[in-house]
Every structure is written in C-alpha cells, then in structure tokens.
Amino acid sequence: MNAFEIIGGKPLKGEIIPQGAKNEALQILSAVLLTEEPMTISNIPDIKDVNKLIDLLAALGVKIDRIDKDTYVFEAKDINIDYFQSAEFKEKGGGLRGSIMIVGPLLARFGKAAIPKPGGDKIGRRRLDTHFLGFEKLGAKFVYDASTHFFNVDATELKGNYILLDEASVTGTANIVMAAVLAKGTTTIYNAACEPYLQQLCKMLNRMGAKISGIGSNLLTIEGVQRLGGTSHRMLPDMIEIGSFIGLAAMTGSEITIKDVCFQELGIIPSVFSRLGIQFELRGDDIFIPAQDSYEIDTFIDGSILTISDAPWPGFTPDLLSIILVVATQAKGNVLIHQKMFESRLFFVDKLIDMGAQIILCDPHRATVIGMNKSHPLRGIEMTSPDIRAGVSLLIAALSAKGKSVIHNIEQIERGYQDIEERLRKLGADIKRVDVEPKGH
C-alpha cells in the first residue's frame, strides 16, 4: 500500500500556491445541475473527492469539457433521471459524502432525486437531517429505504417557506438554497451558515438569475425564479491549505510565501495563528512567513491559559483545529484545544504523543498541549492517517520531526490535498512515496 516516507527536521523555503477550495467545489459543481446552459468553473482542485463528483455528474448526463488544467465547462442539458436507480449510482454516490449536494439542484429542476447513504471521513456522526428537514419545509417528501440504503425524495412542486435550521450546517444551507432558488414564492432561511464558500455559491447563483439577499449573514431571503442561466465562476483558494502552510512554516522554522490567498476571505484564521506567536506579513495578496526559531503562545488578558475552539463561521473553522494542535506542540507556552463541533477528531493525538509531544487528552473533545519551545523536537515514527485533516497534521509533524517517519493510508490525505507530495518537495521537503504494508497501526 502507498505510504509517505519523510525525513524530517529540515527547514523549507520557497513559494506555494494553495489549491482551489474543496468545500466550495462540492457546492459549486452540484449547482451546474440547476441550468441547461453552459457553466465555466475555474480553480477546481484536482483531488479525489472533487474528481469523483465530476465523474458522477458525467454519469448523470452532464456534458463536461476540460479546457484548462483547473477549468471546466459543464452543460447539464440532458440529465438521465433513471440513473438514480442504478447499481453504478449507488456505488459512485455512496463513496462520496459530497454527493448529497446534488439533491437540492435535482429537486429544484426535476422534482425528484435519490441518494445512497453517503460515506466520508470517520470524524463522528455528521447528520443529514438538516438537509431533509429543509427540503420537507419546501414541500418535498422523502423516504429512507433501509433495505437499499437509499434516500428517495419527491418534490413535484417546491414552495417557498420560512425555515429555521436546527444547526448552521454549511452543506445543509447550500443544499436548501439550491432547492429554493427555483421554488415558487419566497424562502427565508434563518440560522443559515455564512462561510465564504456559501457566499460564493449565492453570488454565483445571483449571476445565474437567482434572487438571494442577506448574503454573508445568517438570514437569507430567496425569491424563487422560473429558470437560471449559465455563468462563469472562479473558486476561492482553500483556506484550510493556507492555514496548513502557515503551521508548516512555523513548525519547521521555514521561510515560506503563500501566494494569492484572498486574505479578506480568511476571517479570523490569521489572528488565531498570531495568538500562537507565529509572525507573518501580508505582501499584496500573499502571506509571507519568515523563518522563526521559536514562537510563544499568547494568554488571556488575566494571564490564564489560552483556549482555542472551533465554531460556525465567522468563528474558527474546525478543519484547522488539528493543525493548531500540532503547531502548539513546539510553541513556548500552553494551550487548551477544544473541538466542539465533531467528536473523534482529536483521536490522532496518540500518534503525536508517540512522537514525543506533551499532550493531555482530557476527553474526546479537549486536549491540553504543553509546548516544548522546539527544545525537544518530535521524533519520527510509523503511523496511519485516520482522516484528511489529521493526516496533514501528522504530515506537518513528521516534516518537523527528527529522523524518519512513515505515514500510511495517504489516500485520505490525497482526497483533500492536490499534488501535496510534489508541492512540498519544491519547498525542499524530503518526502517520497513508498509501497509498504502498515505494521498493526
């Protein structure tokens, strides 16, 4: 099986360009189903989850033309609705959590959809209730068939309604928005997610002819229209990659420039890294991180230990909490990491403890990190990546560690990070792909 072999402890240097945003891509690509007209989408990340969705769209009948490395033209003129009942669809849809995103557009345009129970990361129970409760409010009826593990949804006529979401789900909000844009009447979504990715989706839909107001807030108003036209759209750079590279630079004492970051869309991400003592400067729209021998964690105003926790946007994204935890292991000072939004995401810390990190796992949601101020570097070990974000966190740890590390299950990492091995090598990282069997990890 494929694994990464890393010889760590070497400072890196150079420029790196973040890929297009994975989480935005899954929404934007699903939205091409809302119109018969051509949609030109650029800065699409070349990663497994996104490519699986593109394959799924092609199988549904979407005409796809790749006109550049990261740019495609999609034309959803002839959609095969019967494809929903095929064994192939069950396999393709079930292997990708993002496939749930096609339900909203298909309900809006065709009045029915079906989706196999989705897969995805093992980071706790991520419910689909928000999606389906929203569709029900718009007039859809759905049935879960336990024998086939399919969700069947019928919506011959969607009507606008007031919807108070039970949680500010990003994918749930996006899915309901895509269903509502072609519904009759006005839909109001309260407790809507307001992440930049969702703002991007709403702005694109408006360019297609939708009438969405309140973009960027948690109260969206959508006046239904009869049809949508085509447009072009460029995806934001991936904020999770940008945060990962800031952490990488700090951990390895490297001088790195992250190019074209769309800084105004990063929210509080830069300031959270600043609270760990990481220095950086904005040069145009690039983030320059100088090589630092050490970085010191801030405290609260009263001198108590800093707590960093995740929250819905504009709070700190949960996808970067594992990066913060790893970076804190080599900082000066202590910090409590509180993972509120998902369970099981801190269970990779046992690997960091094996590498020599000083971490107390308080419970499934909280870990206290005692920073070692780079006086005791982590040591290389053999380990297995449990999910995308933990995998990249372990990769950053390995690049900072003394000696050789081997990371198994790198398919998880490659689901979210495009050409990560090549891009790190260009910075000077000693990383290569090897074919080895995991040793009981």
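A good place to start is a turn: in the hairpin formed by strand 15 and strand 16, with 2 residues between the strands, Gly284 takes a positive phi near 65°. Keep in mind as we go that this is a predicted model.

From that turn, let us follow the two strands of the hairpin. Strand 15 (residues 281-283) pairs with strand 16 in the antiparallel sense, over 3 bridges. One pairing to pick out on your screen is that of Glu281, whose bridge partner in strand 16 is Phe288. Strand 16 itself spans residues 286-289. Asp286 and Phe288 point one way from this strand, while Ile287 and Ile289 point the other way, and all are buried. This fits a general pattern: in a regular strand the side chains alternate between the two faces of the sheet.

Strand 16 has another partner to look at. Strand 14 (residues 255-258) also pairs with strand 16 in the antiparallel sense, again over 3 bridges. Here Ile258 stands opposite Ile287 of strand 16.

Now step back to take in the sheet. It is an open sheet of 4 strands in the order 2-14-16-15, and its pairing is mixed. Strand 2 (13-16) and strand 15 are the edge strands, each pairing on one side only. From one strand to the next, the twist averages 20°. Helix 8 (residues 239-252) packs on this sheet, where it touches strand 2, strand 14 and strand 16. The direction of helix 8 makes about 170° with that of strand 14.

Ile258 deserves a second visit. Leaving out residues up to four places away in sequence, Ile258 touches Ile16, Pro18, Ile242, Phe245, Ile246, Asp286, Ile287 and Ile289. Ile258 is also one of the residues with the most contacts inside the largest nonpolar core, together with Ile308, Leu325 and Leu352. That core has 77 residues. Apart from it lies another core, of 73 residues, including Ile100, Ala113, Phe150 and Leu182.

Let us turn next to an annotated site. In an unreviewed UniProt entry, the annotation "binding site" covers Lys22 and Asn23. Lys22 lies in helix 1 (residues 22-31), and Asn23 has its place in helix 1 as well. Are these residues buried or exposed? Lys22 counts as buried because its relative accessibility is 8%, under the cut-off of 20%. Asn23, with a relative accessible area of 26%, is partly exposed.

Their surroundings can be traced through contacts. Neighbours within four places in sequence aside, Lys22 is in contact with Pro45, Ile47, Asp49, Val50, Asp238, Ile388, Arg389, Arg415 and Gly416. For Asn23, not counting residues up to four places away in sequence, the contacts are Tyr197 and Asp319.

One of the contacts of Lys22 is Arg389, which makes a fitting last stop. Arg389 lies in helix 12 (residues 388-400) and is buried, with a relative accessible area of 6%. What does Arg389 touch, residues up to four places away in sequence not counted? The list consists of Lys22, Ile240, Asp319, Ser322, Arg345 and Tyr417. With Tyr417 there is also a polar contact of 3.2 Å between the side chains. Asp319 is a name to notice here: Arg389 touches Asp319, and Asn23 touches Asp319 too. Ile240, another contact of Arg389, falls within residues 239-252 of helix 8, which takes us back to the helix that packs on the sheet.

Methods. Residues numbered from 1 in each chain as written. Predicted model: local features only at pLDDT ≥ 70, side-chain atom pairs only at ≥ 80, totals over all residues. Heavy atoms only, no water. UniProt positions renumbered as here; feature names shortened; annotations may be inferred. Buried < 20%, exposed > 50% of the residue type's maximum accessible area, 1.4 Å probe, protein only. Contact = heavy atoms within 4.5 Å. Pairing = 2+ DSSP bridges. Core = buried A, V, L, I, M, F, W, Y, C linked by side-chain atoms within 4.5 Å. Axes fitted to C-alpha atoms, helices over the stretch in contact; angles between N-to-C directions. Polar contact = N/O pair within 3.5 Å; in protein donor to acceptor, adjacent residues only side chain to side chain.
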